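Q: Please take a close look at the second largest pocket of this model. I would like to know what lines it, and how far the coordinates can be trusted.

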Amino acid sequence: MTLFDLEKNQKSLTNYLDSKRFILPRFYFVPDDDLLQILGTSDPKAITPHLIKLYDNNKEMTFGAGNKTITHMTSDEGECYAFETPVKPEGNIEDWMTRVDQEMKKTLHVFTKKAVFYYAKMDRIEWIKQQLVDLLDLPELYPRLTRLFEIRQFESQEIAEHGRE
């Protein structure tokens, strides 16, 4: 094999990896060697060691029976949330990871909407106390980040309302 052949093969490999990155842009956060490892297996769990590189602070996905669905996502701190709709890891990895990405966004959007709704229905002090109890008892019910977001959102609204008076 000549140097020209090696360069040609390297260019082909780079083009292949770039085509996968075009489909799932999060693959740009993964080095070529890791991406080859991810793409080179049919085991959906092979992505797990690389999740922290793909998603900020998402350490693992929880698979349902027989690895036929992805049901939960877990952060590096152990905070876990269930997907609204489990994702089937079928087809090319870049395709089903795109569906995982979409489901993560959809689920967190639903959590945020629910949290904002319930926050507005309760007295603020009581709501905060309830959230602290939930954090201790059921940390997977509403992720902590969502709670912090809601508190900040309503604090901003209150400040804006008082500024208008």
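The answer starts with the model as a whole and then moves to the pocket.

A: This is a predicted model: local features need pLDDT of at least 70, side-chain atom pairs count only at pLDDT 80 or more, and totals for chains, interfaces and linings use all residues. Numbering runs from 1 along each chain as its sequence is written, and side-chain values use heavy atoms, without hydrogens or water.

Confidence comes next. The protein chain has a mean pLDDT (the predictor's confidence per residue, 0 to 100) of 81. Of its residues, 78% reach 70 or more. Helix 2 has the highest mean among the elements, at 93. Helix 6 (residues 144-164) has the lowest, at 61. Where pLDDT is low, the predicted coordinates should not be read in detail.

Now the fold. The protein chain holds six helices and three strands (DSSP runs, H or I of at least four residues and E of at least two, numbered from the N terminus). Along the sequence the pattern reads α-α-α-β-β-β-α-α-α. Of the 165 residues, 32% are buried (under 20% relative accessible area, 1.4 Å probe, protein chains only).

On to the pocket (an open set of 1 Å grid points where a 1.4 Å probe fits, with protein on both sides within 12 Å along at least five of seven lines). The second largest pocket holds about 160 Å³ of space (filled by probe spheres set on the points). Its lining has 14 residues (each with an atom within 4 Å of a point). Thr41, Ser42, Gly91, Asn92 and Ile93 lie nearest the centre. By type, the lining divides into seven nonpolar, four polar and three charged residues. Helix 1 (3-23), helix 2 (32-39) and helix 4 (93-121) each supply at least two lining residues. Helix 4 gives the most, with three.

Helix 4 deserves a closer look. One of its residues is Glu94. Is Glu94 buried or exposed? Glu94 counts as buried because its relative accessibility is 2%. Its side chain makes a polar contact (N or O atoms within 3.5 Å, one able to donate a hydrogen and the other to accept it) with the side chain of Lys20, at 2.6 Å. Glu94 is also in contact (heavy atoms within 4.5 Å) with Ile23, Leu24, Phe27 and Leu39, leaving aside neighbours within four places in sequence.

Technical notes: Ala, Val, Leu, Ile, Met, Phe, Trp, Tyr, Cys and Pro count as nonpolar, Asp, Glu, Lys and Arg as charged, and the others, Gly among them, as polar. Buried means under 20% relative accessible area, exposed over 50%, partly exposed in between (1.4 Å probe, protein chains only).
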